[in-house]
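User: Could you take a close look at one part of this model for me? I'd like to hear about the aromatic rings and how they sit together.

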Amino acid sequence: MVQIANPIYDVVFKYLMNDEKLARLLLSAIIGEEVVSLKLRPTEHQFPVGKALMVMRMDFSARIRYANGEEQLVILELQKAKLATDIMRFRRYLGEQYRNKNNVVQEPAEEYAQRKALPILSIYFLGHKLDHITAPVIRINRSYTDAATGEVLQEREIFIESLTHDSIIIQIPYLTGHRRNELEQLLSLFDQSFINEDRHLLNIEESEVPKRYRALLRRLQQAVAEPEVREIMDAEDDLIEEFEDYQRMIAEKERELFEKEQRLSQKDQELSQKDQELSQKDQELSQKDQELSHKDQELSHKDKELSQKDQALSQKDQELQKKHEQLRRVAVTLTKAGQSPKEVAAILGIELEELNDLLS
């Protein structure tokens, strides 16, 4: 059992990759092809202590020799991330690779040299798990396919190679317990289940690492003795803790904001319901107003009818009074002419009592 510096830390990983021979050894195992030469490329993105950047990025110009003897110059973009939130940085860095005017080579031609974009191969070391896939190492290899027949096309086109790229993703949390091939045995150097009391260190069983990769183990052993490496690991811990505190604070603020939005939404619903109730009451009141108005119109109409009837009755009363006066005058005249009351009543066609009322 030996102790090595934990390569999940950026400073340790960079310490390992700064040895060009060991970097070629590790990358050859990951890619599955021989990396003949490797040159670290200058990058605009530095990660000094004091800035909370959780992605470490290293760019290499690599010459790869394939099993058929063909060699190809490619851009190797190596990124290591501790947090799942780093995906947008991956996209941004990849976009910068495509925009970089230096990622081209001049190829001789009969008339003039042609500029050819270098293929890009991205390798991602993830300190977190993907949502669905549990394989420790995932290869994303492009293939050309005839859409009509499904035939896999073997030839390669510069146009397609310049616009697409292959990727390899290593999920560090899923390395635990996986030793199915030589690559997984090598990557046991990253297995976080081997952390001892000091999380800066891993306890590795040397016999589990294939012999030809034990130079990588030795290099990580050397990193343990480097005071500067240990110091920067402490600084990385502080940065990660600070960043996680910041994320927790943001999550808490988002939770509070979500709860406030829910309360506001509930109040909006209550206000909307009250508005509907008020609107319904307004409609009911409006309907009642219309009914009262209709009744007022009916009463007004009846008042007019009663007024007309009163006028008609008054007119009849006047007419009756006039007739009564006329009958009285006739009765008086007949009485004066010597007619007896019976004779006068008979002449007027009234009862004797009515005659007496007229004359009284």
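Analyst: Phe 190 is buried, because its relative accessible area of 3% falls under the 20% cut-off. This is a predicted model, so please read the geometry that follows in that light. Phe 190 lies in the loop between α5 (182–186) and β12 (201–204), and two other rings pair with it, as set out below.

Let's take Phe 13 to begin with. Phe 13 and Phe 190 form a tilted pair, with 6.0 Å from centre to centre and 55° between the planes. Phe 13 sits in helix α1 (residues 10–17), 177 residues apart from Phe 190, so this pair links distant parts of the chain. Phe 13 is buried too.

Then comes Phe 125. Its pair with Phe 190 is also tilted, at 5.1 Å centre to centre and 35° between the planes. Because Phe 125 belongs to strand β7 while Phe 190 is in the loop between α5 and β12, the pair ties together parts 65 residues apart in sequence. Phe 125 has 1% relative accessibility, and therefore counts as buried.

Taken together, Phe 13, Phe 125 and Phe 190 make up one aromatic cluster. The structure as a whole holds 3 aromatic pairs.

Some rings also have a charge over them. The charged end of Arg 219 is placed over the ring of Tyr 15, 3.9 Å from its centre. Likewise, Arg 156 lies over the face of Tyr 144, at 4.4 Å from the ring centre.

Key:
Residues are numbered from 1 along each chain as its sequence is written. This is a predicted model: local features need pLDDT of at least 70, side-chain atom pairs count only at pLDDT 80 or more; totals for chains, interfaces and linings use all residues. Side-chain values use heavy atoms; hydrogens and water are left out. Rings of Phe, Tyr and Trp (its six-membered ring) pair if their centres lie within 6.5 Å; planes under 30 degrees apart count as stacked, over 60 as edge-to-face and the rest as tilted. Helices (H or I, at least four residues) and strands (E, at least two) are DSSP runs, numbered from the N terminus. Buried means under 20% relative accessible area, exposed over 50%, partly exposed in between (1.4 Å probe, protein chains only). A charge sits over a ring if NZ of Lys or CZ of Arg is within 6 Å of the ring centre and within 35 degrees of the ring normal.
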